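Me: I am new to reading protein structures, and I would like a close look at one part of this one. Please pick a helix, start there, and follow its surroundings step by step.

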Amino acid sequence: MRPEPAGVDNRLVVGGAVRTWRTLPQPALPDPAAVLAHSAGHALAAARQHAVHGTELLLSTASRVDAAMRTELLEAGFTVAVLDDEGVQPTAPPRPRAAEPGRLWLLTSGSTGRPKRVGHTLDTLTTVRADQPDRTWLCPYAPGTYAWWQVVTLSLTQPGQHLVVVEPDELDEWPAIAAEHGVDAASGTPTFWRRTLYRDAAALARVPLRQITLGGEPVDQAILDQLREVFPAARISWIYASSEVGASIVVHDGRAGFPVAWLDRETPDRPTLSVRDDELVITSPYHGAGLAGPVRTGDRVQVIDDRVLITGRLDSDEINVGGSKVSAGLVRGVLTGHPGVAWARVTGRRAPVLGRMVVAEVVLVPADPSADPSADPSAGLDEAALVRWCADRLPEHAVPRRIRVLTEIPVKETLKSDV
């Protein structure tokens, strides 16, 4: 056994129950184990068991592991174990192997195809090392994802970093849960924050947030400005992180992107950021196993004035319209810059002559029935008005030719939209 982690007495709120890391059960896990946690509480118990015993562990939920992935894990020598109120329910691999002590495995989000395994340790996942002011953090992420581990390792390793975990069926009510338990710091994707603002901005404003963190998707100026309006005194940070290269970029200045001056800057124990052929390349000390040296992230960037903006995935961000290149991310930023637009998705669609054309889906800001209609940013907003908005701000070939209005912001288990 290892020593108890430094945050072992931090408060945990799971399913409305208040406990600490120390009082969590420690399930007897096989080694190596691919644990499919039934709930957030079971996932936290597996994380603490790893911290104390060093069990080789891949942690996920059953919904993120399909039959093909389960077979792949078994063939890789993992015992696939469902962890629920009944205990550990294991399926042994056909060819057992020796465990690698201290190894943690993450499944990538699968944004470029099937999820793949990336090896880490608690040390490489723990990127907040300096002493922090006491905080009570909200954790809305799916168990076992990189973002989930970032919040969990903070609470495990730092005294005074308490944790309020929400289950997927609690996401729509998280502001009320957060306000009840004194949450003053929260991490989420831009889609998570947009969806909360869209559903109940007044409830969000009642949460006493002092730290707001965004990551996992491109972060545009519109969502940063909207959060600043609701929380003028909070520190708002956006983080670029991935399973492959860890937490590599942290920005606190309230502006989308990061300063051009950070490119190719070599600092001991800090990631080095570069751009090659419009792709972000990172050399990081927090990389996954076997990923030393420059790692091509697959994320497209554009340098505009003094900022480097991450606009989306290389394989989906660029739309070729009659030979002219269009960034879906920049068009999306124009749409979400409209005060009446809560969310937008921009894609390319086949078109005669041009080959591809730009199309979009949007969700409008809900009308406030108590407000003056003349002050309602979404009043009278339709496809034609949004096309005109874009035409005033984009070159002709980048203006969406079709804009469909949705009634709800779509979100996946990873808290991301398909953008």
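Reply: Let's begin with a word we will need for packing: contact means that heavy atoms lie within 4.5 Å. Helices (H or I, at least four residues) and strands (E, at least two) are DSSP runs, numbered from the N terminus. You are looking at a predicted model, in which local features need pLDDT of at least 70 and side-chain atom pairs count only at pLDDT 80 or more, while totals for chains, interfaces and linings use all residues. Residues are numbered from 1 along each chain as its sequence is written, and side-chain values use heavy atoms, with hydrogens and water left out.

Our starting point is helix α7, residues 221–230, whose buried residues are Ala-222, Ile-223, Leu-224 and Leu-227. Buried means under 20% relative accessible area, exposed means over 50%, and partly exposed lies in between (1.4 Å probe, protein chains only). What do the buried residues of α7 pack against? Their partners are the helices α6 (190–205) and α9 (328–336) and the strands β12 (211–215) and β13 (235–242). At the N-terminal end of α7, Asp-220 acts as a cap, with a side-chain oxygen 3.2 Å from the backbone nitrogen of Ala-222.

Two of those partners, β12 and β13, lead us to a sheet. Eight strands make up this open sheet, in the order β2-β1-β10-β9-β11-β12-β13-β14, and the pairing is mixed. (Two strands pair if DSSP finds at least two bridges between them.) The edges are β2 (17–20) and β14 (246–251); each has a single partner strand, so one side of each has no neighbour in the sheet. On average, neighbouring strands of this sheet are turned by 25 degrees against each other, direction ignored.

Now zoom in on β12 and its neighbour β11 (residues 185–188). These two strands pair in the parallel sense, over four bridges, and Ala-186 stands opposite Ile-212 in β12. The helix α6, which we met beside α7, packs on the sheet too: α6 touches β9, β11 and β12, and its direction makes about 120 degrees with that of β12. Such angles run from 0 to 180 degrees between N-to-C directions, with axes being lines fitted to C-alpha atoms, for helices over the stretch in contact.

Another helix, α4 (residues 146–157), lies across β1 (11–14), β9 (135–139), β10 (161–165), β11, β13 and β14. Relative to β10, α4 runs at about 140 degrees.

The helices also bring us to some ring pairs. Rings of Phe, Tyr and Trp (its six-membered ring) pair if their centres lie within 6.5 Å; planes under 30 degrees apart count as stacked, over 60 as edge-to-face, and the rest as tilted. By this rule, there are six aromatic pairs. One of them joins Trp-148 and Trp-149 edge-to-face, at 5.0 Å centre to centre with 85 degrees between the planes. Both of these tryptophans, Trp-148 and Trp-149, are buried.

A second pair brings us back to α6. Trp-174 and Phe-192 are stacked, at 5.1 Å centre to centre and with 25 degrees between the planes. Trp-174 belongs to helix α5 (residues 174–180) and Phe-192 to α6, so this pair ties together parts that are 18 residues apart in sequence. Trp-174 and Phe-192 are both buried, and ring pairs link them with Trp-193 into a cluster.

To finish, here is another stretch of strands to compare with what you have just seen. Strand β23 (residues 355–364) has eight of its ten residues buried, so the rest of the structure largely encloses it. With β22 (residues 341–351), β23 pairs in the antiparallel sense over ten bridges, and there Gly-348 stands opposite Val-358 in β23. β22 and β23 form a hairpin with three residues between them, and Val-353 in the turn has a positive phi of about 70 degrees. With β24 (residues 402–406), β23 pairs in the parallel sense over five bridges, where Ala-360 stands opposite Ile-403 in β24.

Notes. Polar contact = N/O pair within 3.5 Å; in protein donor to acceptor, adjacent residues only side chain to side chain.
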